[in-house]
Every structure is written in C-alpha cells, then in structure tokens.
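Q: Please take a close look at one part of this model, the place where its chains meet, and then set that part in the context of what surrounds it. I would like a connected account that I can follow residue by residue.

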Amino acid sequence: MGTTASQLGKDSLSEYQELTFLTKQEILLAHKRFTELQNRDERNHLNATRVPMEKILTLPELKSNPFRKRICHVFSTSEAKDGSLTFEDFLDLLSAFSDSATLEIKSHYAFRIFDFDDDGTLDCGDLEKLVNCLTGETDDTRLTSEEMRQLISNILEESDIDKDGTVNLSEFQHVISRSPDFVSSFKIVL
Amino acid sequence: MASGQQRQGSGNGYLTDQESLRLRRVSSRMSSPIYHDVNRSTSSAEEDDKGGSELNRELRSTPWHMAQKRTKWLEQQKQVRAQFSGGSWKHKRTKYVRQFKSNVRELLYFFSLWGKSLQKIGGNFGGGVQSYFFFLRFLVVLNFVSFLLIGGFVLIPSIVFRSEGSNLARNTGEEECLKYNPNPEGLVVFYEFFLHLLSGTGFMEYSYMFYGYYNNTMVEDRSLSYNIPLAYLFTAVFYFAFCLICIIVRMGKAARVAVTTGGSDVSNYSRIVFTGWDYGCLGSKATNLKQRNIYYRLQVDLEEERLKMHAASLTLCNKVTLYSLRVLMFFVAVGLIVATFFAIATATTFSQEQNSNVQGMLALFYEYLPSIVITAGNFLVPLLCDQLALIEKYSPSATVVLALLRAVILRLVSLAILLYTLWGQITCHGNTYYRNITESNTTDCDLCQYNHSAYPCWETNVGQEMYKLTLFDLLVNIAILVLVEFPRRMVVDNWSCKLSQWVGRQEFGVPSNVLGLVYGQTVVWTGALFCPLLPLINTVKFVIIFYCKKITLFNNCRPALRTFRSTTSTFFFLAATMNILPKKSWHVRNKDNVARVRRDEAQAAEEEREAKRRVERAEQEARTEYLRRKARAALQSAGVKGDDDGEQSGASLEHLNLFPLEDSSEKKGNEEYLREKKEEKEKQERAIGLLVSLGPQPGSEVTPWYMKSSAEQEEERKEKEKRKGISEEEKEKKDRRLKDSLDPLKDMKKAMGVYERREQKKKEKRNKEEKKSTGESSIERLRAERLQREVEERRRAQAVLDQRSGKRKGAHREMDERERPYNSAFFPELARKRQRRDRESWRDEILKS
C-alpha cells in the first residue's frame with residue numbers, strides 16, 4: 001500500500017480528490033485494485049495503458065452485473081470502442097457510482113448505460129434490452145412477447161411526456177428524481 | 001459535445017500537447033448529438049463567475065471524462081490565481097475551510113459507528129436492508145445519549161450523595177406507605193443469583209437499576225443545592241422531549257423526501273425498470289435472485305392490471321361474495337387480536353398472583369409469563385393473518401399495508417394492555433375478582449392509594465416488568481438465531497429434499513424486523529421513568545442485536561423477494577402510523593385531473609356548438625316564417641280561395657310537435673342570458689380572487705409549454721402567427737382607411753403635390769437641355785459597366801476551370817479569424833475536416849452562380 005501511494009503521487013492524488021467524489025482512501029484502494037489488473041510491466045506508466053474490458057469484468061463488483069459491458073463502454077475513452085479503461089476512466093466510473101455523487105450525475109450515467117444503441121434516446125429496442133437485462137436472459141425469467149409489449153407501452157405511457165415514442169434524458173431524469181432510492185441503489189463500492 | 005469542447009479548446013492556446021490530444025480524442029469519440037445540451041448548459045453555468053470551491057463542486061458533478069475535467073480545472077486554477085494575486089487571505093481561508101471540511105468528513109467517516117459494516121450490508125443486500133441497520137444505529141446512539149443524560153444528572157449525584165450520607169428530604173404522606181425494604185438477604189445460592197438477574201428481583205431490585213433505590217436526597221449547602229427527586233423528574237421529562245425532537249427531525253427528513261418525490265403509484269413500471277436494479281449486488285447468486293425478483297414484480301404488476309380489469313367485469317353475485325368474505329375475515333382478524341389481548345391480560349394477572357406463592361424455576365416462568373405470551377402472540381397472530389390475507393384477495397400492495405397495520409396494532413396495543421392490567425392490579429381497580437377474595441387489600445388501597453402490601457414499591461414493579469420484556473426480547477432474538485436460523489440454513493443447504501427446498505433459506509424481512517425494533521424502543525420509553533438504567537440496557541441490547549442480525553444476514557439469509565422501499569419505510573415506522581404518503585397524490589397535475597379538465601372542456605365545446613346550432617335554427621325558422629307570411633300575404637291578395645287552407649296548415653303546425661323535449665328546453669328561460677350572467681359573475685369573482693381555479697384556464701392550451709416537444713411548439717407558433725397576421729392585416733387596412741379620411745396632412749399633401757408637379761416640370765425641361773450636351777458620356781458609362789461585367793464573368797469561368805483542372809489546390813481561402821471555432825494548430829484533424837467542408841460549400845456556391 002505504501003509503495004502504491006508513493007507511485008500515485010501526492011499531486012495527482014489531490015487532483016483526483018478534487019475532480020471526483022472519492023475520498024483519499026477510496027482512490028488509493030481503487031489504485032491498488034487497478035494495478036492488480038495490469039500486467040507487471042505496465043504498472044510503471046499508469047495512465048498510458050488501458051486494461052481491456054475482459055480483465056475489468058473479472059472484478060467481483062462487476063462480474064455478475066448484467067450491465068457490466070455497458071458500464072465499461074460508457075466510461076471508456078478508448079477510440080476503438082472496445083470498452084477498455086485507463087485508470088482515470090476507472091476513477092470516473094467509481095466516482096459516478098460512489099456514495100456522495102449527486103443524483104444528476106448518477107442519472108446521467110444511468111441513462112447512457114441504458115441507451116444500448118448510443119443514439120441518445122431510449123426507444124423500444126433499448127427498453128426491451130433493458131428489461132431483458134433486468135429479468136435475466138434465461139427462458140424461465142424472460143417475459144413473453146405479449147407481456148413485453150404491454151410493459152413497454154406502459155412505460156412509455158408513464159414516462160414519455162412529449163409522446164414521441166422514446167424516452168429522452170430529461171424525461172428519464174424526471175422519473176429518476178421521483179424515486180429517492182435510486183441514489184442508494186446506483187452504487188458500486190470496491 | 002463537440003462544439004462546446006472546441007470552443008473551450010480555442011480559449012486555451014497554452015494547453016500542452018498531450019492534453020490537446022486527449023481533448024481531441026474525447027471530442028471525436030463523443031460525437032453523439034444528445035449529450036450535447038447538458039454539457040453546454042453546465043459549461044455555461046460555469047462560465048458565470050463563482051467562488052473557487054463552488055466551481056470545483058460543479059466540475060466534480062459534470063458528466064465529463066477526467067481529461068476534460070482536468071483541463072477545465074487547470075484553467076480555473078489559473079483564473080483563480082490571477083484573480084487572487086497576492087494571496088488574498090479570503091481565498092486562503094476558503095481553501096483551508098474546504099480542506100478542513102474534507103478532513104473532518106473523512107475523520108467522521110472513520111469514527112462513525114459501523115460505517116464499514118453498513119456499507120458492506122448496503123452493497124450486498126441493497127438499500128432496504130441497509131435502512132434497517134441505519135435505523136438500528138440511530139436507536140443505539142439515541143439510547144446511549146439518553147443514558148448519558150440520566151447518568152449525568154441522576155445517577156452520579158445519587159451515588160455521590162449516598163456515599164456522603166446526606167439528609168433526607170421531608171416526607172409527605174403516610175408513614176406506613178413509605179416502608180420499603182426489599183429482602184436484604186445474606187448469601188444466596190448461585191442459581192438464585194441467576195434467577196434474580198433475569199427477573200430483576202433480589203439484589204437487582206434494590207440497586208440503582210430501579211426507581212425504589214433512589215432516595216429523596218436533597219443537598220443544601222451554602223454554595224450548592226441539589227434536589228435529586230426534582231432532577232429525576234426533570235431528566236425524565238427532558239429525556240422524552242429529546243427523543244421526540246430526534247424522531248421528529250429524522251421523520252421530517254424522510255417526509256420531505258417522500259413529499260418531494262410525490263406518490264409512489266405514479267409511474268410504477270418506469271420506476272421498476274429504470275431504478276429497480278441494485279448495482280451493489282455481489283455474486284451471481286444475488287444477481288439471479290434480484291433478476292428473479294424484478295421479473296416477479298413486473299409480472300405481478302401486469303397481472304394485477306389484468307385482475308383489475310377482471311374485477312371490473314365481475315358480476316354482482318361475485319362481488320357480494322367477495323365483500324362478505326372480506327368482512328368476515330376482518331372480524332376473524334379482529335377476534336384474533338382481541339383474543340391475544342385477553343390472553344395477555346390473563347397471563348399478567350395470573351403471574352402477579354402466583355408471584356409470591358412459588359419459588360425457583362417455576363417462579364421465573366411465572367415472572368416471564370406475560371413476556372412469553374406477548375412474544376407468542378406477536379409471532380402467531382401475524383402468521384394467521386397472512387393466511388387470512390390469502391382468502392381476502394386484496395391487491396398485493398394493499399395486502400402488505402394491511403398486514404403491517406395489524407402487526408403495528410398488535411405490538412403496541414399488547415404493551416398497553418399489559419400496562420393497563422398492571423395498573424388495575426396496583427390500584428385494585430378493574431379487578432373485582434381480586435378484591436372479592438381478599439378483603440384486606442381494599443383497606444391497603446384505601447390507605448396508600450395503591451396496593452401497598454402486594455407492591456411495596458409499585459414503580460419498581462413496573463420497571464421490573466419492562467426490564468423483563470426488554471431482556472426477554474433479547475433472549476428470544478438470540479435463541480431464534482441459534483436454534484432456528486442456523487439449523488434451518490444447514491438443513492436447507494445440505495438436504496435437497498422437496499420440503500427443505502420449499503422452505504428455502506430465510507428471508508430478511510425488513511418490515512417485521514423494524515417493527516421489532518420499534519417495539520423494543522417503546523418498551524424502553526415506557527419503562528425509562530421507573531427503571532433509569534433501561535436506556536443503557538437497551539443500548540447494549542441493540543448492539544448485540546446488530547451483530548446478531550449482521551451474522552444471520554450474511555450467513556443465513558437470502559435477499560427478500562418482496563423489496564421494501566427504504567425511504568418511505570423510515571417515515572412509516574417512526575410515525576408508527578399508516579403509510580398515508582404514497583396513497584395521497586401531492587401534485588395537482590396528475591393524470592386524473594388532466595383527464596377531468598379535458599372532459600370538461602370537451603363538454604363546454606359541445607354545449608357551445610349546441611347553442612350555435614340552436615341560434616341558426618331559430619334564424620332559419622324566423623326566415624321561413626317571414627317568407628311564409630309573405631307568401632301568405634301574396635296568396636291572400638291573389639285569391640280568397642286558399643284562405644282556409646292556410647289557416648288549417650298554421651293550426652296543424654302548432655299542434656304537430658315532433659320534438660317536445662327540445663322545445664321545452666328551449667322555452668325554459670333565456671339560457672344564453674343566464675350563461676352570460678354566470679360568466680360575468682365568474683369573471684368578477686376571479687378578478688377579486690374569490691374563485692381560484694388550478695391548472696390552465698378553460699379554453700387555454702391543454703398542455704403547458706414545458707411538456708411540449710419543440711416541433712409542436714414551432715407548429716403552434718406558426719399557426720398563431722398566421723391567424724394573427726390575417727386578422728391584423730385586415731384591421732390595419734381598415735384603420736388606415738379611417739385615418740386617411742380624417743388626416744389633415746392629406747390636404748396639405750394635396751396642395752404640396754400641385755406645387756411639386758409644377759417644379760418637376762421645370763426640372764425636366766432643364767434636364768433635357770443638359771442631356772443633349774452629355775449624351776456621349778452616358779454611352780461611355782454603359783460601356784464601362786458592360787466591360788466590368790464581362791471581366792467578372794471571365795474570372796468566374798476561370799475559377800470553375802481551375803477547379804476542374806485542380807490548379808487551385810494549394811491556394812487557401814483566407815478566413816475571418818472570428819469564423820474559426822478552434823485553433824487549427826492544436827486540432828489539425830478537425831481543422832482539416834472543417835476545411836474540406838468549407839471548400840465544398842464554396843464550390844457549390846460557384847457552381848450555382
């Protein structure tokens with residue numbers, strides 16, 4: 001732990017504290033966990049290397065999450081769109097999922113996670129994928145197509161305020177703002 | 001995103017190369033058009049100058065990537081440094097305050113009770129279970145502070161003064177009633193020591209634990225005077241007030257959240273789908289359970305909707321059966337609860353009677369009989385009520401609420417029954433049976449106002465009762481953990497027979513557990529006056545329960561199938577009343593109201609149309625009447641022959657009434673007049689503020705502007721403009737005509753016109769003369785113009801040819817500095833892209849021309 005602290009550097013540590021919702025301990029822990037994922041020779045240059053998505057997904061906190069791939073894609077700054085994360089991306093992820101992050105930022109990232117085709121709105125396809133993720137892909141927990149159709153029309157009726165057939169970010173945030181438990185459930189703690 | 005980022009980039013020409021690269025990468029990646037506005041709005045919000053700390057907080061909560069945030073941050077730092085050059089102490093202070101705050105927060109986090117455990121619980125089992133433990137922690141702290149209060153003001157002074165041996169305060173009342181000497185025995189057998197510890201008798205009774213031990217000590221020195229009875233009383237009052245305030249503060253927080261978030265019934269599906277997932281779930285097992293849970297909820301809700309439709313189509317007979325069944329079940333449930341109360345009362349009386357007759361273990365059993373009966377009742381009756389709920393067939397949400405309501409009533413009222421029975425015993429009231437058998441007791445009661453021979457210090461007895469309840473609750477909790485929960489888990493895990501699989505692992509039911517806590521706390525509040533150390537005992541008890549529950553949670557439990565909303569539950573249980581908040585709709589603009597307004601408007605429009613139709617018909621009739629009369633007059637003048645016929649037809653017209661109803665409605669007063677009058681009255685009322693209608697005014701737009709899409713708004717605006725344009729044009733024309741006819745300026749102009757015409761004629765004459773002299777020059781001017789035009793055309797043609805042959809490749813079009821959205825040196829890629837676009841647009845322009 002001591003070595004990692006020195007490796008991270010005091011300046012960048014305070015900078016990360018300034019720019020994220022994480023505390024000092026959380027950043028150090030994140031650093032430790034992240035370096036464990038890296039190869040031995042990559043450890044020296046922290047921000048230059050990317051850890052591929054497959055390795056990130058071996059973290060027990062993300063391993064069983066049905067949205068794990070989406071989470072990686074949303075927080076990745078990789079040009080190849082392969083979902084690989086740098087350390088800073090990783091900190092961004094933890095910051096958005098931390099205890100003290102605001103509702104606004106959490107809902108923003110939640111929206112992007114649910115927006116499977118990255119087109120900026122949740123349309124029927126997105127909603128269907130979302131519901132499938134929520135209920136699981138196995139046959140006994142998958143909703144029938146009839147139920148799915150009814151469910152999606154119900155959702156749109158409830159939250160699609162401008163009636164354009166999709167849920168956009170502000171409509172999404174409107175729904176989120178009325179469910180106070182969201183902040184406590186949208187949380188990943190290392 | 002991209003443009004905002006570019007603008008930002010152009011501001012800092014001093015960015016290091018690496019960062020600019022990062023920026024480019026980010027901006028090229030995030031080219032989706034939607035996340036655009038959020039970002040721009042936040043960045044524009046940041047451009048407003050604010051304090052340093054606020055800026056950073058803003059920055060932290062912007063959905064940017066680290067690189068972007070860092071760039072912005074560095075920029076801000078520079079700005080701040082420039083602003084506070086010379087190290088203004090204000091800036092320093094804010095910085096230090098911020099640092100201090102974060103340090104304190106970290107320290108508090110470090111010291112906060114069970115912070116890590118709570119986080120872990122929240123991570124593994126979700127917010128609902130976590131809220132239970134938060135509540136438990138709150139109660140522990142509350143009890144501990146209460147103990148400090150009591151200890152500081154009552155316990156320590158009594159100990160000090162007792163050792164000093166000060167004088168007793170003067171006594172009031174009969175000497176006989178003040179006798180209190182609870183068995184100051186010598187040696188006791190070990191097991192009896194244990195029994196005393198459990199039942200609060202023997203050595204426990206005569207200790208600081210109970211009310212009876214405290215003396216009426218009053219210290220009066222020159223400098224100091226301390227009245228322990230008074231302190232005791234005031235501390236108790238203050239203790240209750242303190243607890244009340246704590247709870248109200250906590251409740252207020254929860255209530256505020258509940259109120260601001262509105263009802264829970266609205267947007268139920270969206271809520272499940274959008275916020276249903278708990279990202280803290282660890283392990284594939286928990287994930288599967290959670291998925292199953294969500295699936296179950298969705299299916300139940302969809303099913304419920306279908307059931308509602310089904311219920312609407314029920315026949316009368318079915319309904320009557322269902323409702324009668326419900327009423328019956330209600331009475332059965334009430335009967336069960338009342339039976340429990342009766343059992344508690346009987347047990348209390350019995351145990352108090354048998355108290356002095358037996359010794360040893362049997363005495364202990366009798367001592368604990370009320371506690372046992374209460375616990376058993378609280379365990380059994382909810383189980384039976386659950387079975388009743390199956391028959392009642394309420395909707396799932398109603399079932400949960402009903403079950404909780406019954407449980408709350410049962411728990412709290414059973415405690416009240418216990419107290420009432422004790423009260424009856426102590427004061428010899430309400431227990432005629434007892435008085436009839438032993439006559440002597442009446443005299444005792446008459447003497448001291450209470451049964452002195454049986455209860456030498458009745459306050460201690462009540463305290464003992466509460467002490468036993470608290471202790472028994474703890475023992476039951478531990479016993480259930482050791483004897484039920486662990487074996488159950490082992491059986492379920494190791495044996496795979498059908499029964500054990502059906503039973504399954506235990507669920508951690510938040511409602512029932514919180515109810516247990518509330519019950520324990522209520523017992524403490526009841527007994528705190530008579531047993532001052534009860535808060536301390538309760539603190540210890542809750543700490544033990546915390547660890548027990550944590551162990552059982554991590555080892556024995558699976559996440560509950562039915563989740564419980566954490567925020568509303570806090571409020572719910574603290575209030576210990578029914579959950580009224582989710583039932584009430586707090587916003588006026590809900591679906592029902594909107595529908596009602598629309599319906600009313602549609603009705604009004606319909607009525608208006610009806611009135612119009614009637615007016616038209618009236619006019620038509622009048623016209624036909626007029627024409628008919630005219631025709632009749634013509635006929636009369638033409639010949640006398642048709643006279644009879646005309647009269648007959650008129651009579652028949654009067655008698656033949658095809659629409660009697662409508663006619664009568666038409667004849668009923670002057671409706672238009674009445675309506676006008678009513679409208680006028682309403683208008684007046686509205687003006688003086690008597691009549692206030694919520695929502696949009698009738699006749700105004702149905703959906704407010706913020707709920708409309710931009711396209712809709714645009715359309716509406718256009719339409720309005722069109723309408724307005726037409727009407728305004730007409731109005732203007734009319735207006736102008738009127739004005740023109742009245743304008744005195746017109747006359748003047750007329751006069752002036754005459755004069756000007758004369759002048760012009762003169763000028764023309766002069767011009768003609770001039771033209772004759774300069775005829776050559778005008779031709780020359782035309783020729784020059786032609787040449788210029790030709791040159792221009794040639795140049796354009798040349799440009800097109802150059803474009804074709806690719807000669808102009810190297811030539812750069814000089815751009816206005818302001819047109820550039822970025823510094824091309826730092827964004828070569830973007831610059832190239834932009835250039836290409838510019839070039840294309842330019843070429844199009846040329847081709848067009």
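A: Between chain B and chain A there are two salt bridges, in what is a predicted model. One of these joins the side chains of Arg70(B) and Glu15(A), with a distance of 2.4 Å from N to O. The contact to which chain B contributes 61 residues and chain A contributes 80 residues buries about 6,500 Å² between the two chains, and 57% of that area falls on carbon and sulfur atoms.

Over all chains, the number of salt bridges comes to 15. Among them is a pair within chain A, where Glu61(A) and Arg33(A) have their closest N and O atoms 3.1 Å apart. Glu61(A) belongs to helix α5 (residues 60-63) of chain A and Arg33(A) to helix α3 (residues 24-37) of chain A, so this salt bridge ties together parts that lie 28 residues apart in sequence.

Further along chain A, an unreviewed UniProt entry places the annotation "domain: EF-hand" at residues 102-137 and 147-182. In the model, residues 102-137 of chain A are 67% helix and 0% strand, with their end C-alpha atoms 31 Å apart, while residues 147-182 of chain A are 64% helix and 0% strand, with their end C-alpha atoms 25 Å apart.

For chain B, an unreviewed UniProt entry gives the feature "transmembrane region" at several stretches, including residues 230-249 and 403-423. The chain over residues 230-249 of chain B is 100% helix and 0% strand, and its end C-alpha atoms are 28 Å apart; residues 403-423 of chain B are likewise 100% helix and 0% strand, with 30 Å between the end C-alpha atoms.

Chain B also holds a helix pair that can be followed by residue, namely helix α17 (residues 458-494) and helix α20 (residues 534-556), whose axes come within 11 Å and cross at roughly 10°. Because of that angle, α17(B) counts as roughly parallel to α20(B), the limit for this description being an angle under 35 degrees. The residues of α17(B) that take part include Met466(B), Tyr467(B), Leu474(B), Ile478(B), Glu485(B) and Arg489(B), and those of α20(B) include Leu534(B), Ile537(B), Lys541(B), Ile545(B), Cys548(B) and Asn556(B). Sorted by class, the contact of α17(B) with α20(B) has twelve nonpolar, six polar and five charged residues.

Technical notes: Residues numbered from 1 in each chain as written. Chains lettered and ligands numbered in written order. Predicted model: local features only at pLDDT ≥ 70, side-chain atom pairs only at ≥ 80, totals over all residues. Heavy atoms only, no water. Axes fitted to C-alpha atoms, helices over the stretch in contact; angles between N-to-C directions. Helix = DSSP H or I, 4+ residues; strand = E, 2+ residues; numbered from the N terminus. Parallel < 35°, antiparallel > 145°, perpendicular 65-115°, else oblique. Contact = heavy atoms within 4.5 Å. Nonpolar A, V, L, I, M, F, W, Y, C, P; charged D, E, K, R; others polar. UniProt positions renumbered as here; feature names shortened; annotations may be inferred. Buried area = accessible area lost by both parts, 1.4 Å probe. Salt bridge = Lys/Arg side-chain N within 4 Å of Asp/Glu carboxyl O.
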